[in-house]
Amino acid sequence: MTYAVVTEPLTIRLIGNLAVVSADGCIVPPLPRKGWALLAYLAASSGFAQPRDRIAEIFWPDLSPSASRNNLRQVLLVLQRVLSGGKAVAPCIVADRQTIRLVSNCHHRIDLIEFAAVTVECAMKEDPSRCASCIARLESAAALYRDEFMAGFCIDDCLEFEEWLQIQREALHRRALALLERLSQCHETLGNSDRALSFAQRAAELEPWNEEGQRRLIRLLALNGQRAAALSQYDACRRTLKEELGVLPEEETRALAVRIQKGDFKTPPAQGHEGAAVPPLPLANWERRQVTVLCCEISASENDDLDDILELLREPQADCIRIIRRFCGHVVRTNEGGLLAYFGFPTALENAAQLAVRAGLALTAQAFSGLDLRVAIHTGLIITGGDPNVPDTIGRTSSQAVQLRNRARRNEVVVSATTHRIVSGYFDWNDLPQPKVRFNRRSGPKEKAARRTGWAPPPN
């Protein structure tokens with residue numbers, strides 16, 4: 001690997017694999033792990049100064065204030081040397097005795113700052129002549145999102161930084177999805193169905209369990225004359241929803257597949273600029289919230305008829321919803337026997353994890369003749385816009401609960417290591433005999449699950 005002294009502006013990659021690259025393509029000597037973490041923390045702060053003592057506390061929580069400040073000073077010197085070595089340039093990091101900040105117009109190119117600076121509004125309606133430049137700007141921003149923010153990066157001894165990193169990853173993930181959806185909509189509106197398809201495919205890869213995105217991809221495949229590929233994508237969507245969320249596709253998705261199968265799905269004519277403005281993306285006040293998610297699957301293993309299954313599950317599902325609500329759970333999904341419930345939303349609860357476990361045990365104690373019931377529980381951070389129908393905007397915490405459900409046996413409750421740490425003293429536990437669970441690659445370190453053998457009575 002070739003290393004270079006900094007003589008020209010650098011390209012600093014924080015989205016995807018971490019790298020500092022010189023103008024001639026050489027890799028600059030890598031930063032220490034906490035140097036990367038400090039750079040990312042400052043870059044995400046939009047040029048605002050951050051208190052030195054607070055940063056030291058975040059990155060060295062187990063050290064004394066003087067030791068943590070000394071360590072911060074050393075990491076800051078290394079970072080300054082990398083960013084300004086070999087050339088007399090204005091410093092990118094400004095530090096005094098109280099604060100540290102990254103200059104927002106730093107002469108180096110930092111992909112995180114560029115990506116965060118791009119807005120997704122559409123100027124087509126006001127000025128159609130700007131459409132090409134607007135799309136080019138959005139496409140450049142979307143190209144920066146090669147993978148998740150600081151892919152594969154973690155610092156085991158900095159829990160607060162890890163929580164911050166997870167929130168940043170989720171926010172940037174959602175931003176990337178918004179960009180891809182906007183680009184797909186713009187190109188489709190302008191009649192560029194092939195370009196619309198490419199961005200729809202990228203969005204579906206980022207979030208394969210997002211049924212709306214899958215529906216867009218299926219429709220665009222059909223619009224591009226790829227009928228077989230559209231039907232194949234529908235089958236893949238159906239499998240993903242079943243395996244990841246324990247549900248069947250929505251009626252709108254099934255109806256779309258039927259139309260494509262019948263061959264009556266026609267390509268609409270391209271629209272002109274007039275009246276073709278893409279609907280604006282909804283805005284919301286996003287909030288960070290810790291919740292406990294309960295995933296409950298009710299299945300009829302010996303019955304393959306869909307209509308019979310739906311009829312068989314109707315009453316047990318209603319019973320499960322009543323039980324969950326007794327423990328203050330907020331049920332938001334009730335598709336085909338699968339339930340997702342949030343504890344600690346919309347109202348924060350100090351004992352949310354304990355209530356979720358008690359609800360899970362009450363569910364498994366309920367006798368449902370001829371049915372299998374499995375429950376999984378996971379505690380994590382979500383970003384919510386306050387919509388009671390979509391508490392977990394990104395869906396990552398919910399997805400982890402859904403994946404964990406696959407480890408539960410009939411009439412058992414399985415919880416993640418995170419939940420177990422919170423409620424371990426309230427219940428009796430058995431460790432799962434299987435190896436540790438690894439969630440998807442964006443979920444961070446491996447998790448351990450535990451199963452409770454007893455049962456707690458429901459609240460009065």
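1. Let's start with one residue, Cys106. Its relative accessibility is 12%, and since anything under 20% is called buried, Cys106 counts as buried. You will find Cys106 in the loop between β5 and β6 (109-110). Try locating Leu83 as well: Cys106 and Leu83 are 23 residues apart in sequence, while their C-alpha atoms are 9.9 Å apart in space. Please keep in mind as you read on that this is a predicted model.

2. Now step back to the whole chain. How many helices and strands does the secondary structure come to? There are 14 helices and 13 strands. The chain has 460 residues, and buried residues make up 49% of them. Contacts across the sequence are worth a look too: among contacts between residues at least 6 apart in sequence, 69% join residues at least 24 apart.

3. Helix α2 makes a friendly first helix to study. This helix covers residues 52-59, and its buried residues are Arg52, Ile55, Ala56, Ile58 and Phe59. Looking down the axis of α2, you would see these buried residues fall within an arc of 160°, so they line one face of the helix. A general rule helps here: an α-helix has 3.6 residues a turn, so residues three or four places apart point the same way. What do the buried residues of α2 pack against? Their partners are the helices α1 (33-43), α3 (65-84) and α6 (159-189), together with the strands β3 (50-51), β4 (93-95) and β5 (99-102).

4. One of those partners deserves its own point. The axes of α2 and α3 come within 9 Å and cross at roughly 95°. An angle from 65 to 115 degrees counts as roughly perpendicular, and α2 and α3 are therefore described as roughly perpendicular to each other. On the α2 side, the residues that meet α3 are Arg52, Asp53, Ile55 and Ala56; on the α3 side they are Ser68, Arg69, Leu72, Arg73 and Leu76. The residues of this contact divide into four nonpolar, one polar and four charged.

5. Compare that with α7 and α8. Helix α7 (residues 193-206) and helix α8 (residues 211-223) have axes that come within 9 Å and cross at roughly 150°. Angles over 145 degrees count as roughly antiparallel, and α7 and α8 are therefore roughly antiparallel to each other. Their crossing is left-handed. From α7, the contact is made by Ala196, Leu197, Ala200, Gln201 and Ala204, and from α8 by Gln214, Arg216, Leu217, Leu220 and Leu221. Sorted by kind, the residues of the contact of α7 with α8 are seven nonpolar, two polar and one charged.

6. A third pair is α5 (131-144) with α6 (159-189). α5 and α6 pack at an angle of about 145°, and their axes are 10 Å apart. The crossing of α5 and α6 is left-handed. In α5, Ile135, Leu138, Glu139, Ala141 and Ala142 do the meeting; in α6, their counterparts are Leu179, Leu180, Arg182, Leu183, Cys186 and His187. Here the contact residues divide into eight nonpolar, one polar and two charged.

7. Next, a few backbone details in the loops. The loop between α5 and α6 holds Met150. Phi of Met150 is near 50°, a positive value in a residue other than glycine. Is Met150 buried or exposed? With 0% relative accessibility, Met150 counts as buried. Cys328, in the loop between α11 (306-326) and β8 (330-335), is another residue other than glycine with a positive phi, near 70°. Cys328 is partly exposed, as its relative accessible area is 44%.

8. Which peptide bond is cis, with omega near 0°? Look at the bond from Phe345 to Pro346. Pro346 itself lies in the loop between β9 (338-343) and α12 (352-365).

9. Let's finish with Thr419, which sits in helix α14 (residues 417-423). Its relative accessible area is 0%, so Thr419 is buried. What is Thr419 in contact with, leaving aside its neighbours within four places in sequence? The residues to find are Ala353, Val357, Ile377, His378 and Thr379. Ala353 and Val357 belong to the stretch 352-365, which is α12.

Methods. Residues numbered from 1 in each chain as written. Predicted model: local features only at pLDDT ≥ 70, side-chain atom pairs only at ≥ 80, totals over all residues. Heavy atoms only, no water. Buried < 20%, exposed > 50% of the residue type's maximum accessible area, 1.4 Å probe, protein only. Helix = DSSP H or I, 4+ residues; strand = E, 2+ residues; numbered from the N terminus. Arc of directions from axis to C-beta. Contact = heavy atoms within 4.5 Å. Axes fitted to C-alpha atoms, helices over the stretch in contact; angles between N-to-C directions. Parallel < 35°, antiparallel > 145°, perpendicular 65-115°, else oblique. Left-handed = near helix turned anticlockwise from the far one by under 90°. Nonpolar A, V, L, I, M, F, W, Y, C, P; charged D, E, K, R; others polar.
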